[in-house]
Amino acid sequence: MSSDARRFRARKFRENLFSLGLSGGVFVLLFATWEFVARAHLVDPMFSSSPSQVLLTGWELINNGTLLKHVLASGKVFLTGFGLAVILGIPIGVALGWFKWFNRAFSPLVSAFYTMPRIALMPLFIIWFGLGMGSKVALILLSAIFPLIVNMQVAMQNIDADYKRVGIAYGANQWQLFSTVALPSSIPFLLTGLRLAMGRGLLGVVAAEVFGGAEGLGYMIQYAGATFQIDVVFVGVVVIATIGVIMDRSLAYASRRVDSWKITET
Amino acid sequence: MNNGLALERPDPVWEADELAVHWPRAAGERRVDSAAETTPLTVLAAVPSAPLLEVRDLVITYENQNTGELTEAVSHVSLNIQAGEFVTIVGLSGCGKSSFLNAVAGLVKPASGTMKVAGKRIDGPGPDRSVVFQKATLLPWRTVMDNIIYGLELRGVPKPIARERAESCIDLVRLRGFEHFHPHALSGGMQQRVNLARALVTEPQLLLLDEPFAALDAITRETMQNELLSIWNVTRKTVLMVTHQIDEAVLLSDRVIVFSDRPARIGTEFKINLPRPRTQEARYSPAFDYLAKEVFGVIHSSASKREEPEYVI
Ligand SMILES: Nc1ncnc2c1ncn2[C@@H]1O[C@H](COP(=O)(O)OP(=O)(O)O)[C@@H](O)[C@H]1O
Ligand SMILES: [Mg+2]
């Protein structure tokens, strides 16, 4: 490696370290202030809890298995609802974008559902599917499916006509056009759809569990709030936020990897 | 025997004989050409067979998407191309050249008229024809190699076999060493080589070129013209090209056909008798000058009928 490259790397490293320190500093400052106002009784710790208390409670919830139980319960509901959304949403979106008549027939219906606030349907779902898995999965499915449908539809409608023409010129049939042109060029849209769907799905899980049921992170937060266990509420919030960030980052990473065909690959 | 053809047609600049060794023999093409291997310079005259491309009375109309009004883009064009011939259509931009070529490619449905390749009616795209578009339009998620074999893949040739068949083409268009690159990493000229290789590897009977070098800078364009000359020398493909560059048409072709302004009709036809094999050197001969001026004159007279003649040589 040349000395120029080494110096460049060193500079980049220092810059990254600095921005990491900067954002970390903001967090530390925030938590320190929180801790201070709680300990100095500037606010009532009963209502505010404190970072140290949240940590302690978190540790306890991990050790006695409560947290794991709720995470698993939420995870099961989320994965079922999100999985169904993926399985159903992608083909529906593809069909809407690929077949003109399908689009004309069903687009207005999709738009109508898309703009409706999903949580408003929760009472209905509870009546139809009960307080258990069913109603929650239904809400998550309905929350997560539309970003997937819409993104796949847009992906199909935005296929470069020149690519299609090349395929047709070389004798591609409909299926080959779909698999060699439409599908690969829709992957960036798919990943965007998955990211949005995931965010919506997480909201759906919490909302559904807050609404009813007896387990899951949403239930834990809801119950803790009702019984003034502010520290437990914060533990739940932190866990949900962490899971969300991890999933979002990994999908963002996947997006960048897929986009790598736009960057030199040797 | 294999490189006999090339030896009889030595190409001083591009070492055609070296390339010929790698070039797979296209079945249909060679049969017509067999006489050529003994008497190469009289091949065109010596083959009395039916034309490879036969276009009769072709009419192409477009429907205005808003009003439904029909406008004629190509009007009663008839054209024959013999096997092994390099024919170029020139004309003002917008006169209907691409429409004609796309109809031959099977991408545009004509309003009336008949088109036949080797006696077979054209009814959509087919393995007997391959198109090189002006825009390279390589699939960005595929490597150079996988772009080249795209046509073969669509025809159900298994990938390993397709890759093997592409090897000779990669040498022919000088892409050796770039097989694993993605298109975005290539220059415009390189992308156009891939575009050309993608068409050649399918071993079409008729190669269709729609302004293949129009988007390239002048130097790259000359290089690509050289390459095309040497490739044609080796393969003796039947080529129908469309361009608005008169010098390019004269340099590459056996025959130059001038289309009238929209709707396109056959205007004047020029036989280009410059000796083959040709190189860029051909440009400096008086015959080249004379032909280019003649073609220019014909096009210019159709341009002067336009409100805003946009033709530049
Ligand atoms: N798909 C299309 N729909 C409507 N009009 C078209 C279409 N393609 C070409 N045209 C029209 O037909 C005429 C000839 O176009 P084209 O064949 O592309 O000309 P050239 O290739 O000689 O520049 C132009 O006036 C153009 O606007
Ligand atoms: Mg054109």
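**Exercise 1. How many bridges join strand β1 of chain B to strand β2 of chain B, and do the two run parallel or antiparallel?**

Solution. Keep in mind that this is a predicted model.

Step 1. Find β1(B) at residues 53-63 and β2(B) at residues 70-81. Eight bridges join them, and the strands run antiparallel.

Step 2. Pick out a facing pair to check your view: Leu58(B) stands opposite Val77(B) in β2(B).

Step 3. Look at the connection. β1(B) and β2(B) form a hairpin with six residues between them. In its turn, Gly68(B) has a positive phi of about 75°.

**Exercise 2. Work out the strand order of the sheet that contains β1(B), and find its edges.**

Solution. A reminder helps here: strands of a sheet pair through backbone hydrogen bonds, either parallel or antiparallel.

Step 1. Start from β1(B) and look for a partner besides β2(B). Five bridges join β1(B) to β4(B), residues 112-117, and these strands run antiparallel. Val55(B) stands opposite Met115(B) there.

Step 2. Move on from β4(B). It pairs with β5(B) in the antiparallel sense over two bridges, and Lys116(B) has Arg121(B) in β5(B) as its bridge partner.

Step 3. Put the pieces together. The four strands make an open sheet in the order β2-β1-β4-β5 of chain B, with antiparallel pairing. β2(B) and β5(B) (120-121) each have a single partner strand, so one side of each is left without a neighbour in the sheet.

Step 4. Add the helix. α5(B), residues 97-105, packs on this sheet and touches β1, β2 and β4 of chain B. The direction of α5(B) makes about 115° with that of β1(B).

**Exercise 3. Describe the six-stranded sheet of chain B: its order, its edges and its twist.**

Solution.

Step 1. Trace the order, which is β6-β7-β8-β3-β9-β10 in chain B. The sheet is open, and its pairing is mixed.

Step 2. Name the edges. They are β6(B) (129-132) and β10(B) (266-271), each pairing on one side only.

Step 3. Follow the twist: from one strand to the next it averages 20°.

Step 4. Zoom in on one end. β9(B), residues 255-259, pairs with β10(B) in the antiparallel sense over four bridges. Here Val256(B) stands opposite Phe270(B).

Step 5. Find the helix that packs on the sheet at β6 and β7 (206-210) of chain B: it is α9(B), residues 188-200. Its direction makes about 175° with that of β6(B).

**Exercise 4. How many residues of chain A are in contact with chain B, and which elements of chain A take part?**

Solution.

Step 1. Count both sides: 22 residues of chain A are in contact with 27 residues of chain B. Between them the chains bury about 2,200 Å², 65% of it on carbon and sulfur atoms.

Step 2. Search for charged pairs. The rule finds one salt bridge across this interface: the side chains of Asp162(A) and Lys135(B) meet at 2.6 Å, N to O. Five residue pairs between the two chains are in polar contact.

Step 3. Assign the chain A side to elements. Those giving two or more residues are α8(A) (161-169) and α9(A) (174-211). The largest share, seven residues, comes from α8(A).

Step 4. Sort the residues on that side of chain A by type: 10 are nonpolar, eight polar and four charged.

**Exercise 5. Which peptide bond is cis, and which residue that is not a glycine has a positive phi?**

Solution. Begin with the usual case: most residues other than glycine have a negative phi, and most peptide bonds are trans.

Step 1. Go to chain B. A cis peptide bond joins Arg276(B) and Pro277(B), with omega about -5°. Pro277(B) sits in the loop between β10(B) and α12(B) (286-303).

Step 2. Switch to chain A. His41(A) has a positive phi of about 60°, although it is not a glycine. You will find His41(A) in the loop between α1(A) (3-39) and α2(A) (45-48).

Note on methods: Residues are numbered from 1 along each chain as its sequence is written. Chains are lettered from A and ligands numbered from 1 in the order in which they are written. This is a predicted model: local features need pLDDT of at least 70, side-chain atom pairs count only at pLDDT 80 or more; totals for chains, interfaces and linings use all residues. Side-chain values use heavy atoms; hydrogens and water are left out. Two strands pair if DSSP finds at least two bridges between them. Axes are lines fitted to C-alpha atoms, for helices over the stretch in contact, and angles run from 0 to 180 degrees between N-to-C directions. Contact means heavy atoms within 4.5 Å. Buried area is the accessible area (1.4 Å probe) that two parts lose on being put together, summed over both. A salt bridge is a side-chain nitrogen of Lys or Arg within 4 Å of a carboxyl oxygen of Asp or Glu. A polar contact is a pair of N or O atoms within 3.5 Å; within protein, one must be able to donate a hydrogen and the other to accept it, and residues adjacent in sequence count only if both atoms are side-chain atoms. Ala, Val, Leu, Ile, Met, Phe, Trp, Tyr, Cys and Pro count as nonpolar, Asp, Glu, Lys and Arg as charged, and the others, Gly among them, as polar.
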